[in-house]
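Trainee: I have the model open. Can we go through it by question and answer?
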Amino acid sequence: MKLTVDAHLCSGHGRCYTLVPELFTTDDEGFCEQRGQVIDVPTGQEEKGQLGIDCCPEGAIRLADDDA
Ligand code: F3S
């Protein structure tokens, strides 16, 4: 499972790194540090990946294209 964090949609709600700190971290301004990156979700952590997708109110966190 791979996720992307849309750099433009992320507006710093912070739910991702609060609820799923295993996959997401914050930068100095409160945005998701993984903005604009592909996150390779470790095997066994798919539920956390899905929680990341579900928790972002901006819909910034999505499955990467090759996983859709
Ligand atoms: Fe950004 Fe959504 Fe997380 S707006 S900080 S990716 S909850």
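**Asp 27, the ligand shell and a salt bridge**

Trainee: Where does Asp 27 lie?
Mentor: First, the ground rules. This is a predicted model, where local features need pLDDT of at least 70, side-chain atom pairs count only at pLDDT 80 or more, and totals for chains, interfaces and linings use all residues. Residues are numbered from 1 along each chain as its sequence is written, and side-chain values use heavy atoms, with hydrogens and water left out. Helices (H or I, at least four residues) and strands (E, at least two) are DSSP runs numbered from the N terminus, and Asp 27 lies in the loop between α1 and β2 (38-40).

Trainee: Which backbone nitrogen does the side chain of Asp 27 reach?
Mentor: Set aside neighbours within four places in sequence, and Asp 27 is in contact (heavy atoms within 4.5 Å) with Glu 33 and Arg 35. Its side chain also reaches a backbone nitrogen at 2.9 Å, that of Glu 29.

Trainee: Which helix gives the largest share of the shell around the ligand?
Mentor: The shell (a heavy atom within 4 Å) includes Cys 10, Arg 15, Cys 16 and Tyr 17. By class it has 6 nonpolar, 4 polar and 2 charged residues. The largest share is 3 residues, from helix α1 (residues 15-19).

Trainee: Why does the salt bridge of Arg 62 with Asp 6 tie together parts apart in sequence, and how many residues apart are they?
Mentor: A salt bridge puts a side-chain nitrogen of Lys or Arg within 4 Å of a carboxyl oxygen of Asp or Glu. In this pair the closest N and O atoms are 3.8 Å apart. Arg 62 lies in strand β3 (residues 61-63) and Asp 6 in the loop between β1 (2-5) and α1, so the parts tied together are apart in sequence by 56 residues.

Conventions:
Nonpolar A, V, L, I, M, F, W, Y, C, P; charged D, E, K, R; others polar. Polar contact = N/O pair within 3.5 Å; in protein donor to acceptor, adjacent residues only side chain to side chain.
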